[in-house]
Structures are given as structure tokens and as C-alpha cells.
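Thank you all for coming. I would like to spend a few minutes on how the two parts of this chain meet, so please bring up the sequence and the model before I begin.

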Amino acid sequence: METQQFDIAFTHATLLTADPARPILRDASIAIADGKIAWIGRGLPEHVPCKRRVDASGKVITPGFVNVHSHSILTMVRGVAADLGFAPSYTPGIPKGTQVTPDQARVLARLGALEMLMFGSTLIGDNFVCADVTTEAMAELGMRLTPSWRIHDVDFSKVTEGKWEYSAAIGSATLQAGLDLAERWKNHPLVSVQLAAHAVDTCSDGFLREIAAISRACDLRVNTHLGQSKVEVTRVQERTGKTSTEVLDEAGLLNDRLMAGHCIYVTDPDIERLARAGTHAVHIPKCNATSGRLAPVHRIKRAGVNIALATDTQHGDMVELMRWALMTARVQENGVNDDWQPRHVFHMATLGGARATGMGDRLGSLETGKLADLVMFDFRRPHLTPHANPLGTLVHTGQGRDVELVMVNGEILVEGGQPTRVDMAEVCAQAEEVCQALWRNV
Ligand SMILES: [Zn+2]
């Protein structure tokens with residue numbers, strides 16, 4: 001890539017590129033110009049001036065992590081909801097999204113997004129109520145976003161009482177909110193709005209078909225929760241006599257623009273359908289395991305389905321999540337094999353996620369010409385020494401808090417482990433206050 005000047009260059013780094021052609025480069029330089037990766041190699045070309053040089057000896061640089069399924073507002077139920085049920089939206093006795101005011105949502109979204117950013121997620125796919133204000137709050141942090149409004153026509157206020165009642169008014173209101181969000185952000189370089197068909201049990205058959213038609217007409221990608229719970233599977237069987245995957249297929253949603261979160265309760269024929277359609281599976285191993293379940297991700301991977309990783313409502317640490325993905329798959333495989341190695345979960349956390357969002361040609365790996373979303377880890381720490389296989393070390397013993405620097409689109413958003421655009425202590429203090437108020441009203 002020809003460039004007149006580098007904005008910043010990191011030298012003497014170890015690069016974990018996620019590029020299968022050259023996965024690990026040692027003592028390498030990576031230089032950024034105009035928000036893109038302009039140079040990767042040994043040293044730097046002498047004729048190109050460079051505004052800032054960072055000696056990255058002892059540091060490991062990776063692509064930014066692509067965390068495609070989160071609900072940052074749900075930080076409000078942290079430490080409690082995980083021990084009560086499989087998902088906060090279905091769990092009684094805790095604060096609900098419907099009770100959160102826009103101002104509270106803004107504060108909670110900043111907390112959740114900041115946690116993910118500081119631990120190396122450069123793109124987050126956040127979905128929930130109040131996405132108008134939460135998208136603004138997260139965009140202020142400078143991250144890349146694929147936000148979506150929670151779209152459903154079920155009356156969520158009755159779901160926790162065991163009643164699934166569908167309302168056209170709720171459906172059109174949530175769908176319109178999702179479309180308004182897309183219109184509001186359509187020209188923003190870092191934001192790509194999606195439609196979120198919440199789940200097959202919370203969206204009626206006709207409503208799913210409507211979402212599919214609008215997705216095609218407006219060229220919007222779709223995310224959903226698929227086979228998330230036995231409750232969902234049972235409801236859908238009672239309503240349609242089919243699996244959730246079959247219902248999505250018949251509604252016209254099962255295609256390569258769909259990201260299906262969880263995929264716990266999917267049959268082998270369902271997995272074949274996902275593979276044929278090119279649908280992307282969003283693997284959420286920590287959330288699933290915390291509620292006592294595992295997706296058959298070893299079978300999903302073997303079928304050739306592209307897999308992305310996501311933290312969902314759990315701790316927003318993609319490094320820890322790679323470890324959960326690797327360990328839980330090995331439990332399912334009854335041992336260590338060539339299908340589940342550190343490079344596979346690293347791929348899911350980077351390039352697999354980028355492909356799921358439709359941005360695999362621009363994001364997800366350290367390659368010249370791609371957008372400059374990257375993370376630098378300080379490997380000069382006891383638990384990250386030695387560096388015989390830095391990728392193995394990162395996946396097995398690394399942590400999000402080893403992140404020293406995060407760059408999105410060429411801008412440094414975390415440096416020295418601290419955010420550059422916001423005051424971390426203030427974000428945490430405001431969120432604590434909001435959560436105390438919400439929990440007082442439960
Ligand atoms: Zn979710």
C-alpha cells in the first residue's frame with residue numbers, strides 16, 4: 001500500500017495476524033496511515049516519514065476482537081442473574097430492560113462497552129431496548145458497532161409469568177425503532193445497524209416473515225437467538241410443530257446475512273440447514289456453560305458453519321472467552337484433537353467474527369490495506385512468559401486485563417490500559433448509582 005506518511009508505527013512486535021498465510025511474525029513492524037494498516041514487515045521503509053514510533057519489544061499485537069453478540073445494559077444484573085436462570089429477559093425477580101429509563105440505559109451501556117473495549121473488543125454487536133441512546137453512548141467511546149434494537153412481537157412483560165402473547169402493536173413499534181436506528185446511523189463510518197429478530201418464540205411466524213422481507217428490502221443483516229433454551233424449543237414446537245431453525249428457514253431468514261446466537265438446541269438436520277444456508281453461528285460458551293448447557297459447536301464446526309464468538313451477558317473478556325470455547329469443546333470431544341487448537345478459537349474471535357458481520361474483507365486480521373483495529377498485549381509478565389508459542393500462551397493464560405493498547409480505525413482508544421476518551425472511574429461510579437436505584441425497585 002503506497003502512503004506518504006505513517007501516523008504511527010509499532011516496531012519489534014510479535015504479531016499474531018489471524019492471516020492463515022503468515023499467522024505469526026516476530027520482531028515485526030506494523031504501521032498505520034489514514035485509519036488503515038499501511039505496512040507490515042521487518043523494520044520500516046526508510047523513505048516514509050512516521051509521526052510516532054512505539055517500541056513494542058515484549059509486546060504482542062493481535063487484530064481487534066470482534067464480539068458480535070452483547071447486551072451491555074445487562075451489566076445491571078451482573079453477579080446475580082447468572083445464578084438464577086438461562087437469560088435475564090426470561091428471569092423473574094431482577095431488573096428488566098422495560099424498566100430502564102433512557103438515561104439509565106446510556107450509563108449502563110457505557111459501562112458494558114467500556115469493559116469490552118478495555119479488554120480488546122474493537123467491534124461489538126450490541127442489542128437491546130433503548131438502542132437509540134445506547135448506540136450513542138457506545139459510539140462516544142470510538143468503537144466499531146453493529147447495534148440493533150430488540151425486535152419482537154411477544155409481550156415480554158408476560159413472558160416471565162409463562163405467557164407468550166403476541167401483539168401487532170408491539171411488533172410494529174419495535175420494528176420501527178429498529179428501522180429508525182438504521183436510518184439514524186446509515187452514514188456513520190463505524191456503525192452498521194442490524195435488525196435483531198429476538199428469538200423464534202418471541203417473534204410470531206408472520207412477524208418473522210415481515211422482518212425477512214424488510215431485511216432484504218433495506219439490505220440489513222439480522223441477528224437472533226437460536227435454540228437458546230428448552231423453553232424456546234418447547235414453545236416453538238407447540239406453536240408450529242417445527243424446530244426454531246426450520247421456522248427461520250421457512251420465514252426466509254436462514255441465509256448468509258444471519259447471525260444465530262447460542263445454537264444450543266439444534267438437531268443434526270438443523271446444523272445441515274445452517275451450513276447449507278451459510279448462516280453464521282455465534283458461539284457463546286461462557287454464558288451457555290454458566291447456565292449449565294453447551295452448544296454442539298464441535299458438530300457445527302465440523303459441518304463447515306462459520307463461527308463467531310461473543311460474551312453476551314457475561315464478563316466482556318474475549319481472551320477468557322477463547323479459553324472457554326477451547327475447553328468446553330475439548331470436553332465435548334473427549335480430548336485434545338486437531339479441530340480444537342488455539343488458532344481455531346483465535347480465528348473465531350477475530351476473522352470468523354468479522355466474516356459474520358459481513359466485514360471479513362476489511363477487518364479481522366492484520367493485513368496491509370485492512371482497517372486499523374488492533375490490540376497490543378504486554379507479554380512482559382510472569383504468566384505470559386516464555387514466548388515459545390505466543391498464541392498458545394495468549395489463549396491458555398492471557399487475560400483481558402493484559403491489554404495495554406486498543407486501536408480502532410487508527411485511533412488509540414485505550415493506552416497504558418486506560419481509556420483515552422472517558423474517565424473510567426466516572427463511568428463506574430455512575431453505573432453503580434444507576435444499578436442501586438434499579439435493584440431498589442425490584
Ligand atoms: Zn443474547
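By buried area I mean the accessible area, taken with a 1.4 Å probe, that two parts lose on being put together, summed over both. Please also keep in mind that what you see is a predicted model.

The protein chain is divided into domain 1, which takes in 8-63 + 365-419, and domain 2, which covers 65-356. Their C-alpha centres lie 29 Å apart, and the contact between them draws on 30 residues from domain 1 and 25 residues from domain 2. With the definition I have just given, the area buried between domain 1 and domain 2 comes to about 2200 Å², and carbon and sulfur atoms give 70% of that.

What, then, are the polar links across this boundary? Seven residue pairs are found in polar contact across the interface of domain 1 and domain 2, both partners being at pLDDT 80 or more, and the count of salt bridges between the two domains is one, while the structure as a whole holds 27 salt bridges. The pair in question, if you would like to find it on the screen, has Arg-144 and Asp-373 as partners, with the closest N and O atoms 2.7 Å apart. Because Arg-144 lies in strand β8 (residues 144-145) and Asp-373 in the loop between α12 (342-356) and β15, this salt bridge ties together parts that are 229 residues apart in sequence.

Let me turn to the side of domain 1 that touches domain 2.

Which elements give two or more residues to that side? They are β5 (59-63), β15 (374-378), α13 (390-397), β16 (403-408) and β17 (411-415), and it is α13 that gives the most, with six residues. By residue class, this side of domain 1 divides into 17 nonpolar, ten polar and three charged residues.

Two of those elements, β16 and β17, pair in the antiparallel sense over four bridges, with Met-407 standing opposite Ile-412 in β17. These strands form a hairpin with two residues between them, and Asn-409, in the turn, has a positive phi of about 55°. If you then follow the chain onward, β17 also pairs in the antiparallel sense with strand β18 (residues 418-419), here over two bridges, and Val-414 stands opposite Pro-419 in β18. Again there is a hairpin with two residues between the strands, and in this turn it is Gly-416 that has a positive phi, of about 60°.

Before I stop, I would point out two details of the backbone.

A cis peptide bond, with omega about 5°, joins Thr-385 and Pro-386, and Pro-386 is found in the loop between β15 and α13, two elements that are both among those on the side of domain 1 that touches domain 2. The other detail is Asn-334, a residue other than glycine whose phi is positive, near 60°, and which is found in the loop between α11 (318-333) and α12.

How values were computed: Residues are numbered from 1 along each chain as its sequence is written. This is a predicted model: local features need pLDDT of at least 70, side-chain atom pairs count only at pLDDT 80 or more; totals for chains, interfaces and linings use all residues. Side-chain values use heavy atoms; hydrogens and water are left out. Domain bounds come from an automatic or database domain assignment. Contact means heavy atoms within 4.5 Å. A salt bridge is a side-chain nitrogen of Lys or Arg within 4 Å of a carboxyl oxygen of Asp or Glu. A polar contact is a pair of N or O atoms within 3.5 Å; within protein, one must be able to donate a hydrogen and the other to accept it, and residues adjacent in sequence count only if both atoms are side-chain atoms. Ala, Val, Leu, Ile, Met, Phe, Trp, Tyr, Cys and Pro count as nonpolar, Asp, Glu, Lys and Arg as charged, and the others, Gly among them, as polar. Two strands pair if DSSP finds at least two bridges between them.
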